[in-house]
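Biologist: Could you take me through the nonpolar core of this one? I'd like a close look at that part, and how the rest of the protein sits around it.

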Amino acid sequence: ESEFGKIRMVKWLGQSGTPEAFALLLDNLGSATSELKFELLRQLAGVGNSRWDRGDSERLSALLEVKWKETVTTERPDVRLLGSLAQALSKVGYPEGIKILLDEVARPGGNQDARAMVSIASFKEVRNDASEPVLAGALANQAPDSLVLIGAGQGLAAIGNETATIPLIEWAQAAGDEHAKVAEHLFSNLRHPVAIKKARYVF
C-alpha cells in the first residue's frame with residue numbers, strides 16, 4: 001500500500017473501534033513513518049469518542065493498559081504516545097484504566113512529570129459510568145491542591161449524570177473551607193442539566 005493508502009486504512013480501523021483493530025494500530029506504531037504515526041495516534045486518542053459504552057471496553061482497556069506500562073518503562077517515553085494513550089484510557093473508561101491514570105497523578109512530584117500531566121488532562125474525557133466507584137473513592141482525604149482530587153472530580157463532572165454528581169456533592173458537604181476554590185472549579189465543569197439541577201437543589 002502507498003502511504004496514503006495506509007493512512008486511509010488506519011482511519012477505517014480506528015472508526016471500527018474494535019479491540020482487534022486497535023491491537024493492529026498499536027502493533028504498527030513502532031514502524032510507522034511520522035505522517036502515519038500522527039494518524040495512528042489520532043485514531044488511538046479517539047477510540048472512545050462515541051463507543052465507550054460497548055461491551056468490549058474491558059478488552060480495549062486491557063490493550064491500552066499494556067501499551068501504557070510498556071511505554072512508561074522505556075528510557076525515554078514518547079510523550080505524544082502517552083497523551084494519546086491517556087485520552088484513550090479515559091474515553092474507554094474501564095475502572096482499571098482509570099486507576100492507572102489516578103496512580104500516575106498520585107506519584108510524588110507529579111505536577112512536574114509528563115506522565116502525570118497527560119493523565120490529569122485526560123479526565124475531562126471520561127464518559128463511562130463504570131468508572132464512577134473508582135473516581136468517587138479517590139476524592140476522600142485529599143488536600144485542596146491534590147491532582148488526584150482534581151482528576152477524580154473532573155472525571156465525575158465529565159460523566160455528568162446524577163449518580164456521578166452525588167459523590168461530588170457528598171465530598172463538598174464534608175470538605176472544609178480550604179477546599180472552596182477547588183469545589184467551585186469542579187462544579188463549574190458540570191454540563192448535564194440533571195447534574196446541575198441536583199447540585200443547585202442541594203446547595
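Modeller: Let's start with burial: 48% of the 203 residues in the protein are buried. Keep in mind that this is a predicted model. As for what kind of fold we're dealing with, the secondary structure comes to 12 helices and 0 strands, so reading along the sequence you just get α after α, in the pattern α-α-α-α-α-α-α-α-α-α-α-α.

Now to the part you asked about. In general, nonpolar side chains in soluble globular proteins tend to be buried together. Here, the largest nonpolar core has 56 residues, and Trp68, Phe123 and Leu135 are the ones with the most contacts inside it. Helix α9, residues 147–159, gives the most to this core, with 8 residues.

Zoom in on Trp68. Setting aside its neighbours within four places in sequence, Trp68 is in contact with Leu82, Leu85, Ala86, Leu89, Ile100, Leu101, Glu104, Arg115, Val118 and Ser119.

Stepping back to the whole chain, 68% of the contacts with a separation of 6 or more are between residues 24 or more positions apart. The overall dimensions go like this: a compact globule of 203 residues would have a radius of gyration near 17 Å, and the protein's 18 Å agrees with that. Along its principal axes, the C-alpha trace spans about 60 × 35 × 25 Å.

On the outside, the protein exposes about 10600 Å², with carbon and sulfur atoms supplying 52% of it. As for charge, there are 23 positive and 26 negative ones, and their mean positions are 5 Å apart.

Methods
Residues are numbered from 1 along each chain as its sequence is written. This is a predicted model: local features need pLDDT of at least 70, side-chain atom pairs count only at pLDDT 80 or more; totals for chains, interfaces and linings use all residues. Side-chain values use heavy atoms; hydrogens and water are left out. A nonpolar core is a set of buried Ala, Val, Leu, Ile, Met, Phe, Trp, Tyr and Cys residues joined through side-chain atoms within 4.5 Å. Buried means under 20% relative accessible area, exposed over 50%, partly exposed in between (1.4 Å probe, protein chains only). Helices (H or I, at least four residues) and strands (E, at least two) are DSSP runs, numbered from the N terminus. Contact means heavy atoms within 4.5 Å. The radius of gyration is taken over C-alpha atoms; the globule rule is 2.2 Å times the number of residues to the power 0.38. Accessible areas come from the Shrake-Rupley method with a 1.4 Å probe; for residues, only the protein chains shown count as cover. Lys and Arg count as positive and Asp and Glu as negative; His and the chain ends are not counted. The place of a charge is taken as NZ of Lys, CZ of Arg, CG of Asp or CD of Glu.
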